[in-house]
Amino acid sequence: MLTHKIEEVRANVKKWKSEGLVIGVVPTMGALHAGHASLIKKAVETCDKVIVSVFVNPIQFGPSEDFDKYPRTLEADVELAEGIGADLIFAPSADEMYGEGQRLSNDTLTYVAPPFFYVNKLCGKSRVGHFDGVCTVVMKLFNITQADYGFFGQKDAQQLIILRKMVNDLNVPIELIGCPIVREESGLALSSRNKYLNEKGKEDALALNKILNNIKMCYNKGVTDISALKETAFQFLNEAHELEYLEFVDKENLEDKEKADDNTLVLIACRVDGVRLIDNILLK
Ligand code: AMP
């Protein structure tokens with residue numbers, strides 16, 4: 001069932017809770033693909049009732065980012081989510097989420113701001129305020145759905161680590177389940193933003209996965225020096241690529257690694273034909 005209203009979600013949740021049912025939430029921005037589908041499937045397997053939210057959250061986009069052109073495919077999203085077994089698709093308007101006419105800034109709204117150490121690196125460096133927006137909307141979704149489990153993709157690894165920190169620091173009564181990255185056969189990580197790429201762009205986008213796989217291969221052969229591992233990336237880059245970062249951090253707490261080890265998460269962000277893509281790999 002599709003609803004646009006918080007009140008309707010709350011009514012369903014109240015009923016389900018009174019029946020002792022376990023509730024899962026899968027927060028998304030829609031334009032659902034097989035990556036989202038894997039989260040919904042895991043949620044359906046784990047929980048009695050599953051809520052999928054579809055909301056392009058304005059407060060997590062910067063002024064020069066793609067909020068307006070972000071793909072919106074609600075009808076297909078509802079069909080996909082219900083086909084997998086989701087019970088409720090929650091697709092609120094911005095007014096419904098933040099209040100009519102609300103000025104969407106942290107001058108006027110209560111924000112959940114993750115610690116500086118976690119946001120002042122990787123995606124947070126170029127996307128200032130992004131993770132405040134993510135944490136705020138996810139916290140709202142947790143409060144609205146009262147879910148027992150939340151399902152998130154490892155694709156957005158920094159996001160997942162920050163959300164775990166938020167849940168832990170604020171004693172939010174929910175368990176977060178991280179789900180593996182779903183890729184095309186070519187190795188390209190599925191993303192709603194892949195829709196912006198033409199055929200050549202998709203070909204060039206494979207560099208991200210190739211760089212990460214090659215780094216893992218070198219690590220498995222015994223290379224642990226991070227500068228040496230970073231060097232191996234350049235053979236995969238051409239004029240279509242604008243590398244934003246390639247970083248080696250601890251998979252639990254995002255601390256920079258001095259040498260690569262089994263707990264190292266390697267993350268990459270790169271613009272391909274102007275489209276910003278991210279990917280990551282765990283070295284173990
Ligand atoms: P988004 O709609 O991009 O905000 O993503 C919603 C959720 O789907 C997030 O938890 C993402 O990490 C997850 N997700 C997006 N792409 C993938 C993918 N290729 N594999 C697994 N999870 C994904």
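Helix 2 gives the largest share of the shell around the ligand, 3 residues. I start there since the ligand is the topic for today. Please keep in mind that this is a predicted model.

How many residues surround the ligand? There are 17, and the closest are H36, G153, D156, V182 and L190. Three elements supply at least two residues each to that shell: strand 2, residues 23–28, helix 2, residues 34–46, and strand 5, residues 149–153. Sorted by class, the shell holds 9 nonpolar residues, 6 polar ones and 2 charged ones.

Next, the polar contacts. H36, already listed among the closest residues, places a polar side-chain atom 2.9 Å from an oxygen atom of the ligand. M29 uses its backbone instead: an N or O atom there lies 2.9 Å from an oxygen atom of the ligand. For V182, a backbone N or O atom is 2.9 Å from a nitrogen atom of the ligand. As for cover, the ligand taken alone exposes 480 Å², and the protein buries 92% of that.

Where does the ligand sit? In the largest cavity.

Now the sheet. It is open, with 6 strands in the order 1-4-3-2-5-6, and the pairing is parallel. Its edges are strand 1, residues 2–3, and strand 6, residues 175–179, each of which pairs on one side only. In that order strand 2 stands beside strand 5, and both of these strands also supply residues to the ligand shell.

One pairing in detail, then. Strand 5 and strand 6 run parallel and are joined over 5 bridges. Which residue of strand 6 is the bridge partner of F151? That partner is I177. As a general reminder, strands of a sheet pair through backbone hydrogen bonds, in either the parallel or the antiparallel sense.

That is the end of my part.

Terms used:
Residues numbered from 1 in each chain as written. Predicted model: local features only at pLDDT ≥ 70, side-chain atom pairs only at ≥ 80, totals over all residues. Heavy atoms only, no water. Near = heavy atom within 4 Å. Polar contact = N/O pair within 3.5 Å; in protein donor to acceptor, adjacent residues only side chain to side chain. Areas by Shrake-Rupley, 256 points an atom, 1.4 Å probe, with all protein chains shown as cover. 1 Å grid on protein atoms, 1.4 Å probe; cavity = no way out; pocket = protein on both sides within 12 Å on 5 of 7 lines; lining within 4 Å. Sits in = over half its atoms within 2 Å of the grid points. Helix = DSSP H or I, 4+ residues; strand = E, 2+ residues; numbered from the N terminus. Nonpolar A, V, L, I, M, F, W, Y, C, P; charged D, E, K, R; others polar. Pairing = 2+ DSSP bridges.
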